[in-house]
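Biologist: Let us go through this model together. I will ask, and please reason briefly before you commit to a name or a value.

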Amino acid sequence: MRVKKCILVILSILLLCSCAGTGHKGMVNVPGQDVSFISPQSDWETTLFTSTSKVPSGGFLPIKFFRGSWSKNNLSTIGITGVNISGIKKEGATRAGLISALESEVLEFKKVCGLVSYNIKNESNGILREGIDFTELEADIKCVLSGTDDPLKARTILYVLESMDYLYTLQYKAVEKYYDQDISAFEQILDSIIFTAH
């Protein structure tokens with residue numbers, strides 16, 4: 001139980017973090033993680049990218065992780081987090097981690113909205129590619145700004161990918177009218193993840 005809670009905390013905290021950085025285009029190789037992926041095109045600004053680090057894990061072995069995120073001026077965002085969970089049992093942690101991340105997203109909206117609600121539209125799991133299991137969750141978020149009758153509508157999709165000793169969480173979030181326009185960059189990252197060693 002302690003291990004599952006540890007993984008949930010890591011997923012929830014790391015998924016939606018951001019800080020200053022610079023944008024770039026091309027393949028991103030993550031040192032120490034044996035993984036690479038294609039970053040979005042240059043009209044996405046890098047809001048965060050960190051390489052391998054370690055975090056405490058409740059008395060267990062330190063956990064290596066990396067995280068990256070990108071954003072556009074229209075508020076569309078992409079986030080990716082990778083955690084090395086070698087030797088840690090993770091059954092049941094993936095869906096719960098996505099729900100926790102979604103609820104954290106709602107809390108962020110509540111900082112600027114008088115009323116926030118969300119509706120989970122779709123949940124699925126399966127094999128994305130050979131050897132990569134996934135759990136996916138898609139939700140609508142409605143944010144009613146104080147003093148207005150017209151709510152701000154956003155959509156988000158979250159994935160957890162499992163491959164050997166790694167657990168990767170990816171999120172795409174956009175205002176409703178930009179969702180279909182910008183999701184191609186997220187799908188590019190999702191489809192381009194390459195595990196170079198196991």
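Biologist: Which residue forms a salt bridge with Glu 105?
Modeller: This is a predicted model, so the answer is a computed one. Glu 105 sits in helix α2 (residues 93–110), and the pair links distant parts of the chain, 68 residues apart. The closest N and O atoms are 2.5 Å apart. The partner, in strand β9 (residues 166–175), is Lys 173.

Biologist: Is Glu 105 buried or exposed?
Modeller: Buried means under 20% relative accessible area. Its partner Lys 173 meets that cut-off at 18%. Glu 105 has 2% relative accessibility, so Glu 105 counts as buried.

Biologist: Where does Lys 111 stand, buried or exposed?
Modeller: Lys 111 forms a salt bridge with Glu 108, with the closest N and O atoms 3.1 Å apart. Glu 108 is partly exposed at 41%. Exposed means over 50%. With a relative accessible area of 63%, Lys 111 is exposed.

Biologist: Which strands hold Glu 138 and Arg 155?
Modeller: The two side chains meet in a salt bridge of 3.0 Å, N to O. The residues are 17 apart in sequence, so the pair ties together separate parts: Glu 138 is in strand β7 (residues 132–144), and Arg 155 is in strand β8 (residues 152–163).

Biologist: Which residues are linked with Glu 138 and Arg 155 in a network of salt bridges?
Modeller: Glu 138 and Arg 155 are both buried. A search of the whole structure finds 8 salt bridges. The network that includes this pair also takes in Asp 140 and Asp 180.

Biologist: How many bridges join β6 to β7?
Modeller: The two strands form a hairpin with 2 residues between them. Gly 131 in that turn has a positive phi of about 85°. Tyr 118 stands opposite Ile 141 in β7. Strand β6 (residues 115–129) and β7 run antiparallel, and the number of bridges is 13.

Biologist: What is the strand order in the open sheet of 3 strands?
Modeller: β1 (26–30) and β10 (194–195) stand at the edges, each with a single partner strand, so one side of each has no neighbour in the sheet. β1 pairs with strand β2 (residues 35–39) over 5 bridges. Gly 26 stands opposite Ser 39 in β2. The pairing is antiparallel, and the order is β1-β2-β10.

Biologist: Which helix lies across β2 and β10?
Modeller: The helix spans residues 176–192 and runs at about 160° to β2. Among the elements of the chain, this helix has the highest mean pLDDT, 93. The helix is α3.

Biologist: Which element gives the most to the largest nonpolar core?
Modeller: That core has 27 residues, and Phe 37, Leu 161, Leu 170, Tyr 172 and Phe 186 touch the most other members. Several elements each supply at least two residues, including β1, β2, β8 and β9. With 6 residues, the top contributor is α3.

Biologist: Which residues does Phe 37 contact beyond four places in sequence?
Modeller: In soluble globular proteins, nonpolar side chains tend to be buried together. The contacts of Phe 37 include Met 27, Val 28 and Val 30. Also among them are Phe 49, Phe 66, Trp 70, Ile 80 and Ile 189.

Biologist: How many residues make up the other core?
Modeller: This core lies apart from the largest one. Its members include Phe 65, Ile 99, Ala 101 and Cys 113. The count is 19 residues.

Biologist: Which residue has a positive phi of about 80° although it is not a glycine?
Modeller: The residue lies in the loop between β4 and β5. It is exposed, with a relative accessible area of 55%. It is Leu 75.

Biologist: Over which residues does pLDDT stay under 50?
Modeller: The chain averages a pLDDT of 77, and 74% of the residues score at least 70. Helix α1 (residues 2–15) has the lowest mean among the elements, 42. Where pLDDT is low, the predicted coordinates should not be read in detail. The stretch under 50 is residues 1–24.

Definitions and conventions:
Residues are numbered from 1 along each chain as its sequence is written. Side-chain values use heavy atoms; hydrogens and water are left out. Two strands pair if DSSP finds at least two bridges between them. Helices (H or I, at least four residues) and strands (E, at least two) are DSSP runs, numbered from the N terminus. Contact means heavy atoms within 4.5 Å. Axes are lines fitted to C-alpha atoms, for helices over the stretch in contact, and angles run from 0 to 180 degrees between N-to-C directions. A salt bridge is a side-chain nitrogen of Lys or Arg within 4 Å of a carboxyl oxygen of Asp or Glu. Buried means under 20% relative accessible area, exposed over 50%, partly exposed in between (1.4 Å probe, protein chains only). A nonpolar core is a set of buried Ala, Val, Leu, Ile, Met, Phe, Trp, Tyr and Cys residues joined through side-chain atoms within 4.5 Å. pLDDT is the predictor's confidence in each residue, from 0 to 100.
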